[in-house]
Amino acid sequence: MNLTVNGTVQRYEESCRTLADLLARPEWAGKLVIVELNGELAGREAYGDTLLNEGDRVELVHFVGGG
């Protein structure tokens, strides 16, 4: 399945079906993120139930500490 993640089209395997699956990938695992799916904010409580579809646009913003 092709998804646009942070402005880049990427191909994901079929096992990446939900936002939770996407966020479990090594590049996002353990990071505190805000998720926007097709222009709408997605609540953390819905990540496991929110299905991804071909062509979806996902914006992932993660926080970096510093001072």
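In the predicted model, Thr-4 is located in strand 1, the strand that spans residues 2-5. Because its relative accessibility is 9%, and buried means under 20%, Thr-4 is classed as buried. When residues up to four places away in sequence are not counted, the residues touched by Thr-4 are Val-9, Asp-56, Arg-57 and Val-58.

One of these partners, Val-58, also belongs to the largest nonpolar core, which holds 17 residues and in which Leu-19, Leu-22, Leu-23, Val-35, Leu-52, Val-58 and Leu-60 touch the most other members. Two or more residues are given to this core by each of strand 1, helix 1, strand 3 (33-37) and strand 5.

Within this group of core residues, Leu-23 lies in helix 1, which covers residues 19-23, and it counts as buried because its relative accessibility is 13%. With neighbours within four places in sequence left aside, Leu-23 is in contact with Trp-28, Ala-29, Val-33, Val-35, Tyr-47 and Leu-60. Gly-48 stands 25 residues from Leu-23 along the chain, and the C-alpha atoms of these two residues are separated by 10.0 Å. For Leu-22, under the exclusion of neighbours within four places in sequence, the contacts are Tyr-12, Cys-16, Trp-28, Leu-52, Val-58 and Leu-60. Trp-28 and Leu-60 are thus in contact with Leu-22 and also with Leu-23.

A second threonine, Thr-50, is found in the loop that runs between strand 4 (40-42) and strand 5 (57-62). Thr-50 is counted as buried because its relative accessibility is 18%, a value to be set against the cut-off of under 20%. A polar atom of the Thr-50 side chain lies 2.7 Å from the backbone oxygen of Ala-46. Beyond residues up to four places away in sequence, Thr-50 touches Arg-17, Thr-18, Leu-19 and Leu-37, and Leu-19 is among the core residues that touch the most other members.

The surface of the model also carries nonpolar side chains, since a nonpolar patch is formed there by Leu-32, Ile-34, Leu-41, Val-61 and Phe-63, with about 510 Å² of accessible area together. Leu-41, one of the members of this patch, lies in strand 4. Its relative accessibility of 66% is the reason why Leu-41 counts as exposed, whereas Leu-23, at 13%, counts as buried.

Definitions and conventions. Residues numbered from 1 in each chain as written. Predicted model: local features only at pLDDT ≥ 70, side-chain atom pairs only at ≥ 80, totals over all residues. Heavy atoms only, no water. Helix = DSSP H or I, 4+ residues; strand = E, 2+ residues; numbered from the N terminus. Buried < 20%, exposed > 50% of the residue type's maximum accessible area, 1.4 Å probe, protein only. Contact = heavy atoms within 4.5 Å. Polar contact = N/O pair within 3.5 Å; in protein donor to acceptor, adjacent residues only side chain to side chain. Core = buried A, V, L, I, M, F, W, Y, C linked by side-chain atoms within 4.5 Å. Patch = residues over 30% accessible without salt bridge, like charges linked within 9 Å, V, L, I, M, F, W, Y side chains within 5 Å. Areas by Shrake-Rupley, 256 points an atom, 1.4 Å probe, with all protein chains shown as cover. Salt bridge = Lys/Arg side-chain N within 4 Å of Asp/Glu carboxyl O.
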